[in-house]
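Reader: I am in my first year and still learning how to read a structure. Could you take me closely through one part, the ligand sites, and explain each term as it comes up?

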Amino acid sequence: MRWGMVINLAKCMRCHACVAACRIEHFLPLDITWVKLIAHEVDEDGAVEVSTYPVRCNQCADAPCVHACPTEASHQREDGIVVIDSDKCIGCRYCVIACPYQNRTFYSKDKDPGYFPGYERTRFEKMGQKLYPHQRGTTEKCNFCVERIDDGMSRGLTPGVDRDASPACVNTCQARALTFGDLDDPDSEVNRLIRRYGGFQLRAEYGTEPSVWYIDYRLGGNDNKAPREAQTGSHIQHLSSVDRDAFRRIYGREPADAEAKP
Amino acid sequence: MKAQTRRQWITTHEWMVKPMRQKEWISGKGILVWLAEVFSALGMGTYLVGLLAGISEITTWAWWATVLGWVLIVLFKLPFHLAYLGRPLRFWRAIPPFTKAWRTSWLARGMFFSIVFTGAGFLQIVFWYFLRWGDLSASASDALTVLSWIVGIVAGVFILLTGVYCGFAMSYCKSLPFWNTGLLPIVFVIMGVADGLALTMGVNLITGADEAAISDLEFWSRILLVVNALLIAGYLARAYQRHSAAELAAQDLIKGSTAWVFWVLLVILGIATPLVISVATAFMEGDTEPLLIVAIVCHTIGAFALKYSVLKVGIYRSVLPGVG
Amino acid sequence: MADRKQIVTTCKSCHGGCGVIVTVQDGAIVHIQGNPDSLTKGTMCSKGLSSIQHIDNPYRIKYPMKQVGRKGDGKWERITWDEALDTIAGKMKAAIADPGPHTIAISQGTGRGYNRYTMKMARSLGTGNAITPGYVCHSPRLGLYGLVTGYGRLYCDYHGWGGEFPKTQIMWAKQLEISSADSEMAYWFMNSLDYCKNLIIIDPRATAYASRASLWIQPRVGTDCALAMGMMRHIIEQGLWDREFVEDWTFGFDELRERVRDFTPEKVSDICWIPKEHVTTAAEMWAVDTPGCIQVGSSLERQANCGHTLRAITCLMGLTGNIERPGSMITWVLPETGLIEDFFLELPITDEMKAGIIGGDTYKMGAARTCNPDTMVKAINAGKSPIKVWFSVGGQQIVHLANTNEVVSAIEKVEFMSHADLFMGPMAEAADIVLPAAHWLELDDVYDMHPRFMIEAHNKVIDPPGEAKADAWIFNEIGKRVVPDKWFEDVEALLDYQVRKGKNGTMTWKDFSEQLVSGCYGPDQVYYKYKTDYWHEGGGFPTPSRKFEFHSNHLESLGYDPLPVFREPGESPVSTPELYEEYPLVMSSGFRQPFYFLGQYRNIPWLRSYMEFPQCQMHPETCEKYGVEDGDIVWIESPRGRIRQKLRAFPGIKKDMIMCTANWFYPEEPAKGYHGVFISNPNVLTSNDHLDPMYGSPDLTCLLCKVYKARDEELQEEVFHTEAYGTVPTYGKS
Ligand SMILES: Nc1nc2c(c(=O)[nH]1)N[C@H]1C(S)=C(S)[C@@H](COP(=O)(O)OP(=O)(O)OC[C@H]3O[C@@H](n4cnc5c(=O)[nH]c(N)nc54)[C@H](O)[C@@H]3O)O[C@H]1N2
Ligand SMILES: Nc1nc2c(c(=O)[nH]1)N[C@H]1C(S)=C(S)[C@@H](COP(=O)(O)OP(=O)(O)OC[C@H]3O[C@@H](n4cnc5c(=O)[nH]c(N)nc54)[C@H](O)[C@@H]3O)O[C@H]1N2
Ligand code: SF4
Ligand code: SF4
Ligand code: SF4
Ligand code: SF4
Ligand code: SF4
Ligand SMILES: [Mo]
């Protein structure tokens, strides 16, 4: 059994609900986000390639962060989920540096100014300190909502099928862009999607074997007539775009290095 | 937009899209990591030089060099590392047998190396002290010599590893192409030894200059400096070919906002100046001490500059497909 | 053992509708998630989830206050509810006595589940001068669909209850995927795409799903009417219209055919600045792959030709028989609790009230039941307006009406204004008395779902801060003081009354609050009503001709052209070429952000973190053309004034145009200057001179402007530096 997630870029409309759900589920301090939406735009002489990628910890099967951790605070569970034991973490941040996807955050005082800096903490924050204490001076990341998975399974529920055993972000997504399930089970929905739409992982060439997969295709079938500029639609219209010259300068030269999506 | 507010930073969407600098290990508290790294290099260099110099004959300066090296590691490197931790009091968790992580973690290994060295190095220093100054019976002295050899070798090996592991820790990072190369540890070691030579010269001067020894030391540091200059040049050249993000880092190093650190502090002060001086002094008559002191100081500044520059330009590759 | 309970309720952080489960522990909300048993299947967006940050939010208004300085100075003094309510009631009574009820204005913002209270308040007082943004938001659609469907609602059937899903979908000036506008929930739409063959997106700017569309058309803003007429012409030319439906059930086909005859693909392509193939392809997809539905965006209603644009689009639906068919456009059958609007409709609007409606004589469709705000603004500034007392509950007229300069000077002239709100915004600062309103997590109420096939319950989860009260309570208390016979004992009685028809006449609020919804969906829904006795014995539509009217007899009787006519916007490259010389960019405003709701939530940290600063978009080439760069703060200038927004070079937008974020003020900016309403709000630029003849809607989404970079020294305001998210109301003398 190895838990994994498939993110459907064709459906994600970057509403950020996943981010909010995660912040609530884990009472995240103001300046910490475990899941992010990142957007990417290259404009090579009119040929526009843009998309928004929700990124979270990939729960890598071969996880650099785990190898790097000197205390075994970061470790991998039987079910493939990479977790951090905050009681063991010494806050050396080696994992933060070593995660090739930069999905870890070191929780320092300045990252917790309170939701309303300078005002009394809200009841939600205060309760959070009881129900989901975060240890300052340790490192954090998305944990695939292990709490929900463990609690759910202990009640005989199935992650990815039953809400109460599935990640909060997956449950809340109005676009149903997130699918959760067992990567070891060839018939699971996640594997079906990966096969059907030619799923890909971020930076597979690192050999980290992420458990988070992405699929991208055109709604309305592949005879989709939308012009290439329309690619931008899946992106960050409400967010910032990326400096095109920088891309020309930096990446224009090395197309060989840039692997194409399947 | 010039005017910024702190809110801005949580805006998530440019994260790891543009090439992004590593910050944890250089800005803010990260400065401590930099200092610790510098002291590992200096400590390693000085100790090694002292140790090697002492093989043929345990001279006063050689002994002092090992002492200095040991002090730099135990009283500077380790404390700085400790101070950096988010949870310093839990430091022991990183040390075997409390962790088995040394199988994979360069940090755990590093901890292990430094600690073994601390012990072995201490014994070596004590033994040498008695061998040099204590009046021992011939038999005792022979026995002690053997012991000092053993601990000496152990200490020597582990200080080398201590100096080398930082390099490996960094080169392990897959998404930091500028670091991610076997060359890095080598550069660090060689530079460290060169720095060690310089500091040892200093020790030598203080403990009553031994002309012959100094010129030997200078001879070696001359060679190492040249080797290093070539290594660094080669390193940057490779960076350009290896990967766009590495190229960007290299560009940043020599053109970027902190380029002055690289050019002025590292290249000019850290390498060129000592090189010129050591060449010059080779043909000079009379008192070269002032020049030597200048060389030593410059050299040491160079040591700080090297690690700073390298840490500063740790630039990540984007995580997105099709983007470098 | 901690006391921990779950409360099931309904979110209205947007127009609303998602089922919600809230977990409360020891008096604190510790979790919010969607309700899997609701029609939104347990999904929620970032706004609804971030409601948590409304609780204990320091910027909330906690007590009634009265303005003790000049309007807009932000000098407040705490008062009691009694003083507040009595003062307001007193002013109303006085006005009713002399010069008359029509001098009272009752206003609200966009639909937030209490529209019926606003309207009942107005009618019970005897004034027709209700002010709502409806005329730029939803009313033109309702009114003009109403000409076809009777009581006026035509929605997209995304549900498959009739056994079919839409095969062709048109998103016409709409981003339903993020806007869940008018309670047509994004979830329903996105889910229905799994069964959709052609997704046509008509939008000058790539929306989230443009890249997924079968066809994406980028018309010049303000020209959609021409596109619709071109599509109809092609459908007729190709003989692709639904013969059976048109034969048996429509009125005025031949006139329509005449009317659209000269809208050739070439002509349309010239007007709309699009390739002519787009017109023909769209027409064919729409006519051939039926059933289909058109989701019309309110951007089209924010234009001075909105009436005819919507008429044209409605005709397009009828032409292809996409009315009342499963998977097409439909009027939903009501739940057993009946039509929620009856709550105010049962107070008929008298001729006397009608006579007093500002703009009523001119904008016979829009200003039939509510006043025309732009006419009111002009009148007040001209010293001719009768408005003496303004009772405002929610809504930011200062921000949302056209021509902010004129609006501000007008509102400052109003003798007495009260405003109920959760936060101190521009309208609050302009009021004489401010009333603290409760958040949906803090109140019991009936949530009216716009599509009308159900109503849902807001169940109170937690106490409001300070003395904040639910809107229902506020309305009822004022009602009781002024017209007791028309209002209720208490809120519970008011709620009981609204659901009384349920459970065949026995339902109480308590029952409903447990039952959570009263709905008519699934197999209970009825399609093809016009073929049954639903509207008429022996079938037919509830129209004068009993047919679907291409030629609208009602409009004709009001003196409007009975068939669609294309008119250029008030300002456009075609209608005002000389102005175009100086202002070379076509501008539109108000593309919704998923994490904001109009002017709201900039003071909610989680939401503000997604987009700190209002952004405008221009095509990279257009940026180059005008020497501005991605990331610049730019000045956007029109003949009315200039604003600053952050520029984004966006390849997905039509060239030579700019799209601005709308409804933007800065809660963190000081009260003076109405919380920075002049810094970035596009209505500083919009004009209120050129209005739609039927609805009086101004050109908020089509005008002309120019753009240039703002220099750093021009970025001095608070917002460029502050670390706060809002300003805390002060209750003492200050
Ligand atoms: N998250 C969120 N949801 C909301 C709101 C919000 O602020 N935030 N606001 C609510 C309200 S009050 C309303 S009225 C609805 C509005 O919701 P929508 O009807 O979806 O309106 P917008 O998103 O403003 O505009 C939709 C599209 O119209 C395009 N457009 C602009 N001008 C033209 C034009 O002339 N022709 C064509 N074809 N397209 C044009 C814009 O590019 C935009 O992509 O959303 C409601 N829901
Ligand atoms: N240029 C331009 N102008 C536009 C638009 C555009 O696209 N472009 N869009 C137009 C449209 S469609 C609309 S609908 C309007 C939007 O107009 P508004 O509805 O005025 O927009 P908001 O800024 O959301 O103002 C709502 C106010 O009501 C308060 N509020 C929210 N919920 C409640 C509640 O439950 N009770 C009470 N008492 N108060 C509450 C909020 O705090 C806020 O202050 O703007 C219109 N103006
Ligand atoms: S919630 Fe779903 S649609 Fe929204 S941003 Fe996250 S993944 Fe995308
Ligand atoms: S994504 Fe980063 S943090 Fe997550 S498992 Fe992989 S390496 Fe570790
Ligand atoms: S910060 Fe914590 S989790 Fe990360 S490597 Fe160090 S000890 Fe391990
Ligand atoms: S899986 Fe859970 S922890 Fe990870 S991003 Fe989603 S909500 Fe957050
Ligand atoms: S879509 Fe509207 S109702 Fe649903 S959660 Fe978001 S704000 Fe609430
Ligand atoms: Mo609206």
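Author: Happy to; here is a walk through three of the ligand sites, with ligand 1 as the main stop.

A word on the model first. This is a predicted model, in which local features need pLDDT of at least 70 and side-chain atom pairs count only at pLDDT 80 or more, while totals for chains, interfaces and linings use all residues. Residues are numbered from 1 along each chain as its sequence is written, chains are lettered from A and ligands numbered from 1 in the order in which they are written, and side-chain values use heavy atoms, with hydrogens and water left out.

Let's start with ligand 1. Around it are 36 residues, where being around a ligand means having a heavy atom within 4 Å of it. Asp203(C), Arg205(C), Gly590(C), Tyr596(C) and Leu598(C) come nearest. By class, this shell holds 16 nonpolar, 13 polar and seven charged residues. Here Ala, Val, Leu, Ile, Met, Phe, Trp, Tyr, Cys and Pro count as nonpolar, Asp, Glu, Lys and Arg as charged, and the others, Gly among them, as polar.

Now look at individual polar contacts, meaning pairs of N or O atoms within 3.5 Å; within protein, one must be able to donate a hydrogen and the other to accept it, and residues adjacent in sequence count only if both atoms are side-chain atoms. Arg205(C) has a side-chain N or O atom 2.6 Å from an oxygen atom of ligand 1. The backbone takes part as well: a backbone N or O atom of Gly222(C) is 3.0 Å from a ligand 1 oxygen atom, and a polar backbone atom of Ile202(C) is 3.2 Å from a nitrogen atom of ligand 1. Taken alone, ligand 1 exposes 910 Å², and the protein buries 99% of that; these accessible areas come from the Shrake-Rupley method with a 1.4 Å probe, and for residues only the protein chains shown count as cover.

Next comes ligand 7, with 13 residues around it. Cys11(C), Cys14(C), Gly17(C), Cys18(C) and Cys45(C) come nearest. The site is shared between chains, because residues from chains A and C surround ligand 7. Its shell has six nonpolar, six polar and one charged residues.

Finally, turn to ligand 5. The residues that surround it include Cys69(A), Cys89(A), Cys92(A) and Cys95(A), along with Arg93(A) and Arg104(A). In this shell, six residues are nonpolar, four polar and two charged.
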